[in-house]
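Trainee: I have a new structure open. Can you walk me through it?
Mentor: Sure. Take a look, then ask away.

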Amino acid sequence: MTRRDRLFVLAVVGLTALVPVPLAVFRPLAEERAALGTLAGWGLALLMMVPSYALLTRAMTEQNPHRFVTTFMTGTMLRLFLTIAGVVGFWLVVKPAPMRSFVASLLGGYVLLSAVELLLVRPSRGSSPGRAP
C-alpha cells in the first residue's frame with residue numbers, strides 16, 4: 001500500500017465520520033427515515049468511488065496512454081450506470097423512500113470523494129499517464 005493509498009483510505013474514513021454520521025443523527029432535511037436515506041446514499045457513493053480510485057491509480061501506471069483513456073471512460077460510464085441504477089433501485093425497493101436525503105448524501109459523497117480522488121491521483125510534475133509517479 002502506497003502513501004497515496006493510505007491517504008485515500010484516511011480521507012474516506014474521515015469523510016465518512018464527518019459527513020453522513022451527523023446528517024443521519026441530526027436529520028437536517030426533516031424527512032421520514034432520513035437516516036436510512038443518508039446512509040444508503042453515502043454507501044452508494046463509497047461503492048462507486050473506492051473502486052474508481054483503484055482503477056484510476058492502476059491506469060496511471062500503464063505504459064499505453066490509450067489504456068488510461070479507456071479505463072477512465074469505462075469508469076465514468078460505470079459510475080453513471082451505478083448512480084442511475086442506485087437511485088431507481090432505492091426508489092423502487094424502499095417505501096416510502098426518503099429520496100431527498102438519499103440523493104443529497106449520494107451527490108455530496110460523489111463530489112467529496114471525487115475531489116479526494118482527483119487530488120490524490122493526479123500525476124506528479126513532469127510525468128504523464130504512461131509513467132509511474
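**First look at the chain**

Mentor: Buried residues make up 32% of the 133 residues in the protein chain. Keep in mind that this is a predicted model.

Trainee: How many helices and strands does the protein chain have?
Mentor: The count is 5 helices and 0 strands. From the N terminus on, the order reads α-α-α-α-α.

Trainee: What about the surface? How much area does the protein chain expose?
Mentor: About 8100 Å². Carbon and sulfur atoms supply 72% of that area.

Trainee: And contacts along the chain? What share comes from residues 24 or more positions apart?
Mentor: Take the contacts with a separation of 6 or more. Residues 24 or more positions apart account for 78% of them.

Trainee: Let's go to helix pairs. How do people describe two packed helices?
Mentor: By the angle between their axes and the distance between the axes.

Trainee: So at what angle do α1 and α5 pack?
Mentor: About 165°, and their axes are 10 Å apart. Helix α1 covers residues 3-18, and helix α5 covers residues 99-121.

Trainee: Are they roughly parallel or roughly antiparallel to each other?
Mentor: Roughly antiparallel. The cut-off for that is over 145 degrees, so α1 and α5 qualify.

Trainee: Is the crossing left-handed or right-handed?
Mentor: α1 passes α5 in a right-handed crossing.

Trainee: Which residues make the contact?
Mentor: From α1, they are Arg4, Leu7, Phe8, Ala11, Val12 and Leu15. From α5, they are Leu112, Leu113, Val116, Glu117, Leu120 and Val121.

Trainee: How does the contact of α1 with α5 split by class?
Mentor: There are 10 nonpolar residues, no polar ones and 2 charged ones.

Trainee: Tell me about Arg4. Where does it lie?
Mentor: In helix α1. The C-alpha atoms of Arg4 and Glu117 are separated by 9.9 Å. Along the chain, these two are 113 residues apart.

Trainee: Why does Arg4 count as partly exposed?
Mentor: Because Arg4 has 25% relative accessibility. Buried means under 20%, and exposed means over 50%. Arg4 falls in between, as partly exposed.

Trainee: New topic: Ser105. Where is its place?
Mentor: Ser105 is in helix α5.

Trainee: Is Ser105 buried or exposed?
Mentor: Buried, because its relative accessible area is 5%.

Trainee: What does Ser105 touch?
Mentor: Leave out residues up to four places away in sequence. Then Ser105 touches Gly37, Thr38, Gly41 and Trp42.

Note on methods:
Residues are numbered from 1 along each chain as its sequence is written. This is a predicted model: local features need pLDDT of at least 70, side-chain atom pairs count only at pLDDT 80 or more; totals for chains, interfaces and linings use all residues. Side-chain values use heavy atoms; hydrogens and water are left out. Axes are lines fitted to C-alpha atoms, for helices over the stretch in contact, and angles run from 0 to 180 degrees between N-to-C directions. Helices (H or I, at least four residues) and strands (E, at least two) are DSSP runs, numbered from the N terminus. Angles under 35 degrees count as roughly parallel, over 145 as roughly antiparallel, 65 to 115 as roughly perpendicular and the rest as oblique. A crossing is left-handed if the near helix is turned anticlockwise from the far one by less than a right angle, and right-handed if clockwise. Contact means heavy atoms within 4.5 Å. Ala, Val, Leu, Ile, Met, Phe, Trp, Tyr, Cys and Pro count as nonpolar, Asp, Glu, Lys and Arg as charged, and the others, Gly among them, as polar. Buried means under 20% relative accessible area, exposed over 50%, partly exposed in between (1.4 Å probe, protein chains only). Accessible areas come from the Shrake-Rupley method with a 1.4 Å probe; for residues, only the protein chains shown count as cover.
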